[in-house]
Amino acid sequence: MRDGFVQVMADNSRRVVRAAAWRASLPAQGSARGKALRGGLSAWFASLLLCIPLARAQEMERGDVEIRGVALAEGESESYPGLRARIAWELRKRTSIAAAKEAPRLRFDDRRIFDGPLLYWNGRHAFASLSESERRGLRRFIALGGFLWIDAPSGAEGFDRSLRRELRRAFPSHPLQTLDRKHTIFHSFYLLEHAQGRDASPKTLEAIQVEGRAAIVYSRNDVGAALARDAAGQPLLPMVEGGERGRELAARLAVNLVMYALCLDYKDDQVHLPFILKRLRGASRKYGP
Amino acid sequence: MNATAADTSFDLALPGAWLSAALLLLLFVALFLRELRQGAALPPRPRFGLILLRALLLAMLWLVLVQPRIWVPELRRLPGPLMVLFDDSASMALGPLYSERAAKLKAYAAAWQSETQEVMPFAFGTHLRPLSGLEAVRGLSFRAPSTPLGSALLELAQQSPKGARILVVSDGASADPLPIEALRRSALPVHAIALGPRSTPSDRAILEVEAPAQLRVDEESRLRVRLRVRGRQGSSVNLRLRCQGHADESRSLRVEEGKERSLEWAWTPKRSGALPCEFALAPSSRDRWPQNDRWPFVLHVAPARLRVLLVSGRPSWDLRYLRAFLKEEPAIDLVSFFVLRHSTDSTGVTQDELSLIPFPTDELFREHLERFDLLIFHDFGRFPAPFDAHLERVRDYVRRGGSLVMVGGELSFAEGGYGSTPLAEILPVALETRASENVWVEDYRVTPHAAAATHPLVDLAPELGDAAAYWRGLAPLRRLNHLGAPKKGSVTLLESAGKGSSGRPLLVIAQAGKGRVAALATDESWRWGMASAAESGEGPNFARFWDRLLRWLSRHPSLEESQIEVDPELAPPGQRRRLRAQLRRPLDYRPLAAREVEVLLQDLEGRTLRRLQARTDAEGRLDLPFELPEAVGAYALRLRGADPSVENSRAWAVVRPSEEILRLEGKPKSLARLAAATGGRFFEAPSKAPKLADFAASRREVVRTRLHQPLSHPLAFLALLLFALLEWGLRRRFGQR
């Protein structure tokens, strides 16, 4: 937690200062005892510094914002294990959101989907029709305020066809529509010009709007894959377009999407608008052609 | 007296009467047809003669067998009752101009006493009532607020004896439609004598005022007024609106003579509560009847839109649902600021690439704090911004009358660093100096505190009748701030109920100076929305909870501890009223049971007109019937004595003008139509009416009934026998059998 982190820092700082003062009072160099003491103190000093990231790591274990995944079949494996944890890590690092490291994967007809309003669906391949209970679960999830982020590569035509088929069936009177660049998602935290993942195109997002909010957002830029890491913490997949700058923009888009899920149109509140407009004008000059 | 053909009746003596006669006729017709075949060999003339004789014989035989009977009543005429209906309504005596109606009615009733015709007198005003005799007409007061002539006639018709007649003596200004068709079907003639002039004097009147059921402070509303001008008054009238606590407003209007005019009056209230108001026409020397120039009423004004400041130390699902709820409420103006990033968070960009703005701590808590009615600190700790300097200010704001709710989370209460701060002085629970961390309790449920089951913040679904069951049925929560002990004077409403943490306070409220505070030890109430609705399929539990909490924090009238009303609030003179109240203690809402209460009936100037005594029941309820003065105006009912918290609580009751003084004119034409339709007679003035005896009814009575059975005489049988012999003889003569 924020307060705990500050407190840990304060406590450790005091310990470090005391340790340094004691170290300064130790016998002069040369004696074995002095060397041992200095070595021990240095190790201790280093460990104190480690407390800081450790404390922070402990914080990351807990959190009420879970990036829960979507599974279409029991026991189905995830395309990129650890991807959602990585998204949570990015949220923790960059924002005040208390995102949980671990979160389950659920089917749409699992009652546990109502334990939290956010679901992340990373899709790559065509899939069979959803059952009626899954469709019902999805509709109910959305009706009760849920937010579904669907993420796929631009080339995943099979997944795209299956997805559009199922969304039409589940929400026949709410079609997928392209989101305007001025939509809150593009300025819910970072100021973004367009969507970006491993793929830089399409530059837009599509969404199903329910009662004035984007309840289902479909990104076809493979955003999550841009963030996926291997065991060594290195990017798992190369960027198709945009390079490392593109990877950074993908992380920003992920943050914006979750921030939007949590804050909806908070950023559009009138009182904020003048500040944001001023910044957007400045941003355009910086990144313009 | 002689009976007419209509009085005579006819039947048959044969057992089975007409059915038997028909069967017998069929038999004789069959015999006759057989006869026709048998006479074929005879010449035509004798054959025709025999056929005719046989037909006559069969007819005579049939008549003798069926034995027709003729019943002839002997009648006599008797006198019938005359029911006289006297109009006792206020329109009969509306002041010097109209009092002649009442005087004439009494004069004629007195004159009729000398007649011998027996009458059954009745009077009608608010209801029909029999009079002891014509002399009782002297005692009529002519004060009934309306003239329900139609219902009085129907009631009279139902109880009228056979042969009765009705005589109505009235100005005809009936408040309800005349049941002409029903009276015509009952064959009950109604005579009528009209009283009073047909024309109405010069008069200006306010006929009706309509107001919205609820107004809101600082929001314009429309009041509708209907006016009428009669006689030579000129076309310009001056109308004034007065409301307690507001400046008077006047308008000059044009109203065509003889016409009604409706207008809308836009008005913006500046105070909340029940406001007695009045529309009044400026006096005019040509207005012969000023009693209908005023129309008092009560406006119920809700407080202005609630201005809420919602601040949060981090986005969360609870915050998201709470903000959405607040934004959807039309009665709430919401300003919200969230800390989306802490100074130690690494965004990887410059400020120019972020949509974030600095948290406006000084602006919110120094410049604008007083503009808000309610502060919500949602998982908002001391540390994200230099907030310490403002804690005293927030404390004093609440003590001066503002409201505050602190919602749990890892940045709230002791975890948020509020222990030993000015804010801790007003929170309803003690804060530990430093808590190490919140306790995560898996799946704990919420239960009402023992004494709080009927509290309005707890009993969210009274139709269930079991608040504990309601809360048990909501989705479990997973996070709970461990609060210190509730302070003296605070009220614990909800507690945790679970394996790891049971009986810990979850919702605690208190009064802090003039303000109200609440501590909600969880930031998971959103689960009562999504998860509960998914489980049970029911209800906006989250919205219901927060709506109640906000109403209590903002002192909304619907959640005031004591509720008082008058039923009906607005009525014409003479209508009985009831004062209904529920009196409860502040904060914990326990009923003020078995309390003696004095009720003062006061006029608009605060003068006490009457004192009433009452006692609350076990639920703190009061139900007191009472009557108001007849004068048009607004009256206050003020409570005294039950408890300091309800001292001088009041409700308003209004006496509006009655229909009698609004319409004034009589309607003799309706009386004429009634008489014509029912076979009665109409007289446009008592001077033109005949004596009572001429209205008198009469009825015929059957003295006895004579039976004539002509074919039962022995001569009839003899004649039949002789005819049969003749016929037989002629047949033998012509060789027939």
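Here is a walk through a sheet in chain B, the interface of chains B and A, and a few unusual backbone spots. Keep in mind that this is a predicted model.

Let's start with the sheet in chain B. Three of its strands line up in the order E8-E10-E13, and together they make an open, antiparallel sheet. Strands E8 (203–210) and E13 (260–267) of chain B sit at the edges with a single partner strand each, so one side of each has no neighbour in the sheet. On average, neighbouring strands here are turned by 25 degrees against each other, direction ignored. As a quick reminder, strands of a sheet pair through backbone hydrogen bonds, and they can do that in a parallel or an antiparallel way. For a closer look, follow strand E10 (residues 221–230) of chain B, which pairs with E13(B) in the antiparallel sense over eight bridges. If you want a spot to zoom in on, try Val225(B), which stands opposite Leu263(B) in E13(B).

Now pull back to see how the two chains meet. On the chain B side, 49 residues are in contact with 56 residues of chain A. Between them, the two chains bury about 4700 Å², and 53% of that is on carbon and sulfur atoms. There is plenty to look at in polar terms too: 23 residue pairs are in polar contact between chain B and chain A, counting pairs with both residues at pLDDT 80 or more. Eight salt bridges turn up across this interface. One to pick out is the salt bridge between the side chains of Lys327(B) and Asp265(A), at 3.6 Å from N to O.

Which parts of chain B supply at least two residues each to the side that touches chain A? Helix H6 (317–328), strand E17 (332–338), strand E21 (477–480) and helix H11 (530–536) of chain B each do so. Sorted by class, that side of chain B has 19 nonpolar, 14 polar and 16 charged residues.

Finally, a few backbone details are worth a visit. In chain A, a cis peptide bond joins Ser201(A) and Pro202(A), with omega at about 0 degrees. Pro202(A) is in the loop between strand E5 (177–178) and strand E6 (206–210) of chain A. Move on to the loop between E6 and strand E7 (213–219) of chain A and you'll find Glu211(A). Glu211(A) is not a glycine, yet its phi is positive, about 50 degrees. Chain B has a cis peptide bond as well, from Asp567(B) to Pro568(B), with omega near -10 degrees. Pro568(B) lies in the loop between strand E25 (563–567) and strand E26 (570–571) of chain B.

Key: Residues numbered from 1 in each chain as written. Chains lettered and ligands numbered in written order. Predicted model: local features only at pLDDT ≥ 70, side-chain atom pairs only at ≥ 80, totals over all residues. Heavy atoms only, no water. Pairing = 2+ DSSP bridges. Helix = DSSP H or I, 4+ residues; strand = E, 2+ residues; numbered from the N terminus. Axes fitted to C-alpha atoms, helices over the stretch in contact; angles between N-to-C directions. Contact = heavy atoms within 4.5 Å. Buried area = accessible area lost by both parts, 1.4 Å probe. Salt bridge = Lys/Arg side-chain N within 4 Å of Asp/Glu carboxyl O. Polar contact = N/O pair within 3.5 Å; in protein donor to acceptor, adjacent residues only side chain to side chain. Nonpolar A, V, L, I, M, F, W, Y, C, P; charged D, E, K, R; others polar.
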